[in-house]
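Thanks, everyone; I would like to take a few minutes to walk through one model, and I will start with its charged side chains before turning to the question of confidence. Please have the sequence and the coordinates open as we go.

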Amino acid sequence: MAAFIAKQMVGNQLKSVKDKISGAIGGGEKDEGGDSKEDGGGGGGEDPEVEEMRREAERKRKEKHEKAEAEREELRQSIRDKYGLKKKVPEEEGMMGNDDTGGRVGRKKKTPAELAAEAAADSEDEEFTMPKNMDELKNKVQDIPQKLAQSVGEVTEKCSLQ
């Protein structure tokens, strides 16, 4: 509570000092028109010289960063050459080209044609297919107990109860 009161008392005085300093630096003009940054204005009414200086500073900053990145890339390449490493290809660029995922985390949806082909492949691989006649059905039914006994025998050989 005390900090709040102290801030209220000192805050107004600090604001007046800031206004005086900015007035002295900016040529003594106060911006009362509501175009200041505190009022949410865009700052579009700046002096053309100031805008030009900002653009120049931004251009210099970008050049500085590009130069630093080029130096880093040279260093990376020398390390790759020294140790025989290959440059990684960013996977993001490859994935951006294939944008049918729609922001999904999982795999892409299958088309109806892919689903039908998969179902056909599964039906061919199944052990038990629908028999064409009654004799085939009888043979398969008679084979089931033998297969069951065989698999149970394999399991009992592997496991021993104590």
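In this predicted model, glutamate 63 and arginine 59 form a salt bridge, with 2.5 Å between their closest N and O atoms, and both residues lie in helix H2, four residues apart, about one turn of the helix. Arginine 59 also meets glutamate 56 in a salt bridge, at 2.1 Å from N to O, and since these two are three residues apart in helix H2, about one helical turn separates them. As for exposure, glutamate 56 is partly exposed at 27% relative accessibility, as is arginine 59 at 37%, and glutamate 63 is likewise partly exposed at 42%.

Further salt bridges link Glu69, Arg72, Glu73, Arg76, Arg80 and Lys87 in a network, while lysine 110 pairs with glutamate 118, the closest N and O atoms being 2.3 Å apart. The count of salt bridges comes to 10.

Turning to the nonpolar surface, Met1, Phe4, Ile5, Met9, Val10 and Leu14 form a patch with about 690 Å² of accessible area together; methionine 9, which is found in helix H1, is exposed, with a relative accessible area of 56%.

How far does the confidence vary? The mean pLDDT is highest in helix H2, at 94, and lowest in helix H3, residues 91-97, at 53. Over residues 30-42 the pLDDT is below 50, and this stretch has 10 contacts in the model beyond near neighbours in sequence. Where pLDDT is low, the predicted coordinates should not be read in detail.

How values were computed. Residues are numbered from 1 along each chain as its sequence is written. This is a predicted model: local features need pLDDT of at least 70, side-chain atom pairs count only at pLDDT 80 or more; totals for chains, interfaces and linings use all residues. Side-chain values use heavy atoms; hydrogens and water are left out. pLDDT is the predictor's confidence in each residue, from 0 to 100. Contact means heavy atoms within 4.5 Å. Patches are made of residues with over 30% relative accessible area and no salt bridge: like charges are joined within 9 Å, nonpolar side chains (Val, Leu, Ile, Met, Phe, Trp, Tyr) within 5 Å. Accessible areas come from the Shrake-Rupley method with a 1.4 Å probe; for residues, only the protein chains shown count as cover. A salt bridge is a side-chain nitrogen of Lys or Arg within 4 Å of a carboxyl oxygen of Asp or Glu. Buried means under 20% relative accessible area, exposed over 50%, partly exposed in between (1.4 Å probe, protein chains only).
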